[in-house]
Amino acid sequence: MALTGYSWLLLSATFVNVGAEISITLEPAQPTEGDNITLVVHGLSGELLAYNWYAGPTLSVSYLLASYIVSTGDETPGPVYTGREAVRPDGSLDIQGVLPGHSGTYILQTFNRQFQTEVGYGHVQVYEILAQPTVLANSTALVERRDTLRLTCSSPSPTAEVRWFFNGGALPVALRLGLSPDGRTISRHGIRREEAGTYQCEVWNPVSVSRSKPVNLTVYFGPERVAILQDSTTRTGCTIKVDFNTSLTLWCVSRSCPEPEYVWAFNGQALRNGQDHLNISSMTAAQEGTYTCIVKNTKTLLSGSASVVVKLSAAAVAMMIVPVPTKPMEGQDVTLTVQGYPKDLLVYAWYRGPASEPNRLLSQLPSGTWIAGPAHTGREVGFPNCSLLVQKLNLTDTGRYTLKTVTLQGKTETLDVELQVTPLG
């Protein structure tokens with residue numbers, strides 16, 4: 001009476017010989033999902049009656065894959081048979097179109113005519129073609145030393161190995177220390193600015209590798225080291241000295257991400273300027289004072305400031321008069337701008353001609369009070385800084401203008417300027 005595969009299984013419980021010399025190799029050695037593989041048997045001896053193949057760690061009926069009768073070539077499927085397996089006459093096992101689920105331990109059990117058995121073990125690892133992983137971030141914009149970074153490499157392949165890349169290269173030491181045991185998550189408490197950049201993860205196995213798209217991380221910080229520079233190149237000290245009637249540009253610089261908001265102030269009063277620089281087009285005594293730049297980072301909610309004192313240079317101490325514009329035309333206004341006027345001024349007077357002729361007095365300004373003189377036409381206006389505005393020029397305004405100043409100490413100084421009015425057409 002012929003014995004079925006299950007009959008051989010029952011007999012095997014009594015006659016198992018664990019000391020067998022059967023060996024099993026896998027072809028190909030590193031199969032990929034979808035390959036056809038063979039568990040090749042070596043070291044069979046004697047006249048064999050039957051084979052049992054098990055897809056599991058033990059010789060248990062629940063793991064029986066198939067039984068094969070050598071004399072008839074009959075094959076009987078077992079409980080774990082999937083339809084892809086076939087036993088060869090030489091005992092080898094073919095599996096068509098393997099899946100990751102075919103990975104694991106395989107056991108061959110042989111029976112000879114004396115009902116003795118031998119056992120051989122093989123192992124199958126089916127490697128899948130890995131899909132592209134994705135880096136998941138708790139946030140891609142964090143505040144330095146305040147926020148925690150958490151990056152996770154998401155992949156449908158839980159058995160694949162994972163490695164990380166930062167800006168295309170190796171991870172910084174601090175980030176490597178934050179790797180989870182399985183390598184799939186990076187945690188970094190109190191993120192640092194030097195850890196801003198692009199992050200990628202890569203999954204791999206012996207037959208496949210796939211890298212994620214880059215994720216860019218921004219780390220906000222600052223403002224720090226706020227300073228005011230002169231003309232964007234020269235670092236200033238506490239005081240900047242500028243020649244009269246020359247231009248000056250103050251630049252506010254700091255280390256900050258993102259670029260901060262700017263507020264400028266002059267002698268404590270806010271200016272209408274939200275830029276990183278402040279222009280002074282024509283330096284006069286009226287522009288002397290303290291300039292302050294206040295910067296604020298809207299992401300970190302931190303702020304900082306810097307101040308400088310701007311003064312006229314020593315070369316500007318001597319009083320002089322500069323017409324603005326320097327070559328006015330008929331019908332225009334002109335300002336006779338005074339540089340270096342006395343700080344302890346008591347009174348000043350403008351003359352249309354030499355100061356020795358009282359009837360040529362245009363105006364004077366003692367202690368802030370305006371007094372018109374005989375030569376006043378109604379078009380002249382004086383200012384506390386001694387400057388004189390002449391409006392709607394005509395050709396008769398051409399000529400000499402004289403300024404006379406008197407200080408609190410009684411010092412008198414006289415200065416004149418020649419005004420040339422250019423006719424129209």
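Two strands pair if DSSP finds at least two bridges between them, and strands themselves are DSSP runs of E, at least two residues long, while helices are runs of H or I with at least four residues, numbered from the N terminus. Keep that handy for S12 and strand S14 (residues 185-189), which pair in the antiparallel sense over 5 bridges.

This is a predicted model, where local features need pLDDT of at least 70, side-chain atom pairs count only at pLDDT 80 or more, and totals for chains, interfaces and linings use all residues. Residues are numbered from 1 along each chain as its sequence is written, and side-chain values use heavy atoms, with hydrogens and water left out.

**Exercise 1. Work out whether the protein is a compact globule or more spread out.**

Step 1: take stock of the secondary structure, which comes to 2 helices and 34 strands.

Step 2: compare radii. The radius of gyration is taken over C-alpha atoms, and the globule rule is 2.2 Å times the number of residues to the power 0.38. For 425 residues the rule gives 22 Å, but the protein comes out at 48 Å, well over that, so the protein is more spread out than a compact globule.

Step 3: look at the box. Along the principal axes, the C-alpha atoms fill roughly 150 × 50 × 25 Å.

Step 4: check burial, where buried means under 20% relative accessible area, exposed over 50%, and partly exposed in between (1.4 Å probe, protein chains only). Of the 425 residues, 44% are buried.

**Exercise 2. Sort the side chains of strand S12 (residues 148-154) by face, then find the strand's partners.**

Step 1: walk along the strand and the side chains alternate. Leu149, Leu151 and Cys153 are buried on one face, while Thr148, Arg150, Thr152 and Ser154 point to the other and are not buried.

Step 2: on one pairing, strand S10 (residues 134-137) runs antiparallel to S12, joined by 4 bridges. Leu136 sits opposite Thr152 there.

Step 3: the pairing with S14 is the 5-bridge one. In that pairing, Leu149 stands opposite Arg188.

**Exercise 3. Do the same for strand S25 (residues 303-312).**

Step 1: the alternation puts Gly304, Ala306, Val308, Val310 and Leu312 on a buried face. Ser303, Ser305, Ser307, Val309 and Lys311 point to the other face and are not buried.

Step 2: strand S19 (residues 239-242) pairs with S25 in the parallel sense over 4 bridges, and Val242 has Leu312 as its bridge partner.

Step 3: strand S24 (residues 289-296) pairs with S25 in the antiparallel sense over 8 bridges, with Gly289 partnered by Val310.

Step 4: inspect the S24 and S25 hairpin. There are 6 residues between the strands, and Leu301 takes a positive phi near 65°.

**Exercise 4. Place two loop residues, Phe244 and Ser387.**

Step 1: Phe244 lies in the loop between S19 and strand S20 (248-257), and counts as buried at 10% relative accessibility. Ser282 is 38 residues away from Phe244 along the chain, yet their C-alpha atoms are separated by 7.4 Å.

Step 2: Ser387 lies in the loop between strand S31 (380-382) and strand S32 (388-390). Ser387 is buried too, with a relative accessible area of 3%.

Step 3: list contacts (heavy atoms within 4.5 Å). Leaving aside neighbours within four places in sequence, Ser387 touches residues including Thr335, Tyr348, Trp350 and Val381.
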